[in-house]
Amino acid sequence: MLKILLLFIILIVGIILGPLMSGHQGYVLIQTDSKNITTSITAMVIMFLLLQFLLIFIGWCYRRLKRTSTFTHSWIFGGYKRSRARSQTKQALLKLAEGDFKQVERLMTRNVDHAEHPVVNYLLAAEAAQQRGDYFRTNQYIERAAEVADKDQLPVDITRVRIQLAQGEIHAARNGVDKLLNYAPRHPEVLRLAEQAYSLSGAYQSLVDILPSIMKIDLHSEEEILKLRQQAYVGLMNQIMAEKGSSGLKVWWKEQSRRIRNDIVLQVAMSEHLIECNDHDTAQQIILNGLKQQYDERLLLLIPHLKTSDPEAIQKTLTQQLKQHGATPLLNSTIGQVALRNGEWANAETAFKAALAQRPDAHDYAWLADALDRLQKREEAAQTRSKGFMLTLKRNDDLEK
């Protein structure tokens, strides 16, 4: 275009200056074997410019014709393939909704090079192959998706980890989410996969570390987050108990925040671990401190399992609970069990009878019978055992029905 403009400018200049130089044009002689051609310099320049313009116009027509031919070929053949690939992708999505994974895989991989987003086709084909249990093709599609994705590898890596989890490759999936978290730490699907991988692999500290990010993006409700945190901390307790025993548990527990140490579920879990480690004194301290903060029957249920060197502290706490929260069946039963262990037969009889007056329980009947035997009340003890036995039979019949 610039050349054409330049030629027009020269032509206009020639037209203007031509008449001025009409008396000084000179001439040009072109001689051949049979002819002599004579013309002025001005005419020669004009003819040269017209020839140049003609050549440029012929070149432009040629390029336009060639480009039109290429476009027509692409439209006829490439456009048809793209249209077919688009149609097959739509059919594959419908088959995916139907659960026909074999057809999904077939349709997604046909004309995939002409699809609008080949990487998506390969990833969905990989998911379909995984659902069919064809792990070889699954890996093939994942690798092909990685090739066509170029720099945008995040969808490929996420799909790879998801498939690894589905195939039970837990440690490979954990390695994958560790890498994903480095460059997409708040991506919802990355965090969801990390939660699964860490839970299944027992990486509870890593699970605790990502909980703040999970909370910020509202991946779960507050109740679900609480359960997840409790699950992670109980898992940590199991690991520490296995590696370091009771001493390691006590050190770790002291290092936790007040929020963690005041969590009833974690207090119960910690006490159970300490009782299992035969550290009853530390377990008793946690249970009694927990009951002072709030009444909870899960803590009460652990008291009869304590082999304590300070029974008076337990008795004092139970008496306070009785005054503050009233005589609940479980509280009366717990008082009776503690009294029975301490050899206080009369107190045990009173407590068990109070518990049974509130609700019948086979265990309380049995413990009451033991206390009555110690008090030489044989006949009453036999009647009590009979009531407990009949209650057990009745409950077993109800369960069978």
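Three helices, α10 (222-255), α12 (264-276) and α13 (280-293), each put at least two residues into the lining of the largest pocket. Keep in mind that this is a predicted model. The briefing starts with that pocket, follows α13 over to α15, and then turns to two more helix pairs, α6 with α7 and α8 with α9.

**The largest pocket**

- The volume of the largest pocket comes out at about 300 Å³.
- Its lining is made up of 14 residues, and the largest share of them, 6 residues, belongs to α13.
- If you want to look around the centre of the pocket, the residues lying nearest to it are Trp253, Arg261, Gln285, Ile286 and Asn289.
- Sorted by class, the lining holds 7 polar, 4 nonpolar and 3 charged residues.

**α13 against α15**

- Besides lining the pocket, α13 also packs against α15 (residues 311-325): the two axes come within 10 Å and cross at roughly 20°.
- Angles under 35 degrees count as roughly parallel, so α13 and α15 are roughly parallel to each other.
- The crossing here is left-handed.
- On the α13 side, the contact uses Gln284, Leu288, Leu291 and Lys292, which meet Ala313, Ile314, Thr317 and Gln321 of α15.
- That set of contact residues splits into 4 nonpolar, 3 polar and 1 charged.

**α6 against α7**

- Next up are α6 (residues 154-166) and α7 (residues 170-183), with axes that come within 8 Å and cross at roughly 155°.
- An angle over 145 counts as roughly antiparallel, which makes α6 roughly antiparallel to α7.
- α6 goes past α7 in a left-handed crossing.
- From α6, the contact draws on Leu154, Asp157, Ile158, Val161, Gln164 and Leu165, while α7 brings Ile170, Ala172, Ala173, Gly176, Val177, Leu180 and Tyr183.
- The class tally for this contact is 10 nonpolar, 2 polar and 1 charged.

**α8 against α9**

- The axes of α8 (residues 188-201) and α9 (residues 204-216) come within 9 Å, crossing at roughly 160°.
- With 145 as the cut-off for roughly antiparallel, α8 and α9 are therefore roughly antiparallel to each other.
- This pair has a left-handed crossing too.
- In α8 the contact residues are Leu191, Ala194, Glu195, Tyr198 and Ser199; their partners in α9 are Tyr204, Ser206, Leu207, Ile210, Ser213 and Ile214.
- By class, that gives 7 nonpolar, 3 polar and 1 charged residues in the contact of α8 with α9.

Note on methods. Residues are numbered from 1 along each chain as its sequence is written. This is a predicted model: local features need pLDDT of at least 70, side-chain atom pairs count only at pLDDT 80 or more; totals for chains, interfaces and linings use all residues. Side-chain values use heavy atoms; hydrogens and water are left out. On a 1 Å grid over the protein atoms alone, a cavity is a set of points where a 1.4 Å probe fits but cannot get out, and a pocket is an open set with protein on both sides within 12 Å along at least five of seven lines; lining residues have an atom within 4 Å of a point. Grid points are joined across faces, edges and corners, and a volume is the space filled by probe spheres set on the points. Helices (H or I, at least four residues) and strands (E, at least two) are DSSP runs, numbered from the N terminus. Ala, Val, Leu, Ile, Met, Phe, Trp, Tyr, Cys and Pro count as nonpolar, Asp, Glu, Lys and Arg as charged, and the others, Gly among them, as polar. Axes are lines fitted to C-alpha atoms, for helices over the stretch in contact, and angles run from 0 to 180 degrees between N-to-C directions. Angles under 35 degrees count as roughly parallel, over 145 as roughly antiparallel, 65 to 115 as roughly perpendicular and the rest as oblique. A crossing is left-handed if the near helix is turned anticlockwise from the far one by less than a right angle, and right-handed if clockwise. Contact means heavy atoms within 4.5 Å.
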